[in-house]
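Open the model in your viewer and keep the selection box ready. We will go stop by stop.

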Number of protein chains: 2
Amino acid sequence: MSGRPFRIGLIQLSAGYDKDTVVATHEHKVREAAGRGAQVVCLQELFDLPYFCKVNDTDHFDLAEPIPGPTVERMQALAEELGIAMVVPIFERRASGVYHNSAVVVDADGSVLGVYRKMHIPDDPFYYEKYYFTPGEIYRRGTGAAETGFRAFDTRFGRIGVLICWDQWYPEGARITALMGAQALFYPTAIGWHPSEKEELGAQQVDAWRTVQRGHAIANGVYVAAVNRVGFEAESGTDGIEFFGHSFVCDPFGRVIAEAGTGPTVLTADVDPARIEDTRRNWPFLRDRRIDAYGPILSRWLA
Amino acid sequence: MSGRPFRIGLIQLSAGYDKDTVVATHEHKVREAAGRGAQVVCLQELFDLPYFCKVNDTDHFDLAEPIPGPTVERMQALAEELGIAMVVPIFERRASGVYHNSAVVVDADGSVLGVYRKMHIPDDPFYYEKYYFTPGEIYRRGTGAAETGFRAFDTRFGRIGVLICWDQWYPEGARITALMGAQALFYPTAIGWHPSEKEELGAQQVDAWRTVQRGHAIANGVYVAAVNRVGFEAESGTDGIEFFGHSFVCDPFGRVIAEAGTGPTVLTADVDPARIEDTRRNWPFLRDRRIDAYGPILSRWLA
């Protein structure tokens, strides 16, 4: 794979309902990342808000913003000022009754390259996303060859894919985005522990989350960068959620090359296209895919 | 997922060109596994032969056997005697000029349930498999719904999937086999270190191999059992290969529940359908698959 190396930055923070403060804190940390040489900076899922999906509340739809809208425009200005590309995940109001869990990709000149809208929507206790988010749609690509909602984006520094949180458990999304030429897959995320489960299952949950994503890197020969939030978020009528952080970057052979703990963190790591090339020459998985035999993957169940 | 728990056994051994001795050693170890309660026992890839693909040699086609043939019949008798199901991977002669890297699934009454023929064929220095093995074909399933070469088999004890070695790097094969209702995916394998690479890359290669397969377990909520060979095999004109063992079993959340080192080993572990059910209720990935949007996975490249 051609292209020059580029440095990525991951911003792992907590968030509350005071949006001005939250956005200002993120701006501060994005500047820190850029100061450390980051050229493509990714924020966490729904970065400017608490994870409001812990309950179903019609008023929460007021939290959404259009694209472009105030928060995205502020990040566009920041990207232009710093000369960096950014992945900006927000709660998107697209139309009355059509809301998405989205990520806006902003290039280094401040322009919007495009929007990825979360394709796989979870719905589990205190993660009631099906209530809020219309799933991303399929769209016809320029070639007319295929329809899908998965996308890759050419930033000034490199070609990146963006997927969001629950998407990270689905090898299909990683595969399709890698086949689109993405050199790095970004997964802005909001995943945490239920306080009642943390002691027994917490470490295993982090490990499964990291492992399945490292698997995507290995199977596809791409870099993977997961950007999770941190902090405990209380919610009336629930035990709250402790977001577990552990944002990380792994290389095309699944080696973790940068990793955070459970506190606010700015991570940086380098994406080297030469390493992608070398990995795929030595472990040439893409050569041998049996695309004639994968049709059944489009089924729900085959037994 | 319904059904009762069953115990699986993995036989990790070395092999030489004295087939009678190799098969006798395997028989001995299969009896040991059965003695420890194993009900479904899986042998390593090309179990009764050295890994002969280190060179291209027309004479090596003499090593193949038909199905059924002497070695498979011997394993059928063993399975019937012990009342266990077996996965028996051999070099299959199907016709003049049509040879496969195959795994025969034998039920506990000694009958052949079917044959899986390796779908993804590697071809890398000293792993010249494309020279020897015709890839497994797609076939029309009973439902007429889909064509594929991936398969699941109902043994007396549980429903299992079988894939072979290089297949383990492909999420598509694991996904399709899991959707066919397999409770455990067996990966008979022959993977090793090039002596010149072992010191620098050996541990990372084992880790990538384990990680991508644990990822299959997590993404699909199934048990995964990888059965590798051990021992150094010399080959004229090469530095030989040191097969790295490390056979393992992981549960539907990717937790390693049994693991070998680099020596001859009989591993056993229990497959519990209740744990599959519990895992898939708590992490319901199969519910949210975007089968409407996965069409591009049938393409070679999408950029």
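Helices (H or I, at least four residues) and strands (E, at least two) are DSSP runs, numbered from the N terminus. This is a predicted model: local features need pLDDT of at least 70, side-chain atom pairs count only at pLDDT 80 or more, and totals for chains, interfaces and linings use all residues. Residues are numbered from 1 along each chain as its sequence is written, chains are lettered from A and ligands numbered from 1 in the order in which they are written, and side-chain values use heavy atoms, with hydrogens and water left out.

**Stop 1: an unusual loop residue**

Select A:Cys165. Look in the loop between strand 9 (159–162) and helix 4 (171–179) of chain A. A:Cys165 is not a glycine, yet its phi is positive, near 40 degrees. Most residues other than glycine have a negative phi, and most peptide bonds are trans. Is A:Cys165 buried or exposed? Its relative accessible area is 8%, so A:Cys165 is buried (buried means under 20% relative accessible area, exposed over 50%, partly exposed in between, with a 1.4 Å probe and protein chains only).

Now go to B:Leu46. This residue sits in the loop between strand 2 and helix 2 of chain B. Its phi is also positive, about 45 degrees. B:Leu46 is buried, at 0% relative accessibility.

**Stop 2: the cis bonds**

Stay in that loop of chain B, between strand 2 (40–43) and helix 2 (70–82), and pick B:Pro68. A cis peptide bond links B:Ile67 to B:Pro68, with omega about -5 degrees. In chain A, A:Ile67 and A:Pro68 are also joined by a cis bond, with omega about -5 degrees.

**Stop 3: salt bridges within chain B**

Over all chains there are 58 salt bridges (a side-chain nitrogen of Lys or Arg within 4 Å of a carboxyl oxygen of Asp or Glu). Select B:Arg31 and B:Glu81, whose closest N and O atoms are 2.6 Å apart. B:Arg31 belongs to helix 1 and B:Glu81 to helix 2 of chain B, 50 residues apart. B:Arg31 is partly exposed at 37%; B:Glu81 is exposed at 52%.

Next, take B:Arg117 and B:Glu92, a salt bridge at 2.8 Å. B:Arg117 is in strand 5 (residues 112–117) and B:Glu92 in strand 3 (residues 85–95), so the pair ties together parts 25 residues apart in sequence. B:Arg117 is buried at 18%. B:Glu92 is buried too, at 2%.

**Stop 4: where the chains meet**

Show both chains. A rotation of 180 degrees, with 0.0 Å of shift along its axis, superposes chain B on chain A (RMSD 0.0 Å); the fit is by least squares on the C-alpha atoms of residues with pLDDT of at least 70 in both. That is the relation of a two-fold axis. Pick B:Gly215: in chain B, its C-alpha is the nearest to the axis, at 2.7 Å.

Each chain gives 65 residues to the contact (heavy atoms within 4.5 Å). About 6000 Å² is buried between them, 63% of it on carbon and sulfur atoms; buried area is the accessible area (1.4 Å probe) that two parts lose on being put together, summed over both. Highlight B:Ile297, B:Arg300 and B:Leu302, which lose the most area to chain A on the chain B side.

Finish with the links across. There are 10 salt bridges between chain B and chain A. One of them joins A:Glu172 and B:Arg175, with the closest N and O atoms 2.7 Å apart.
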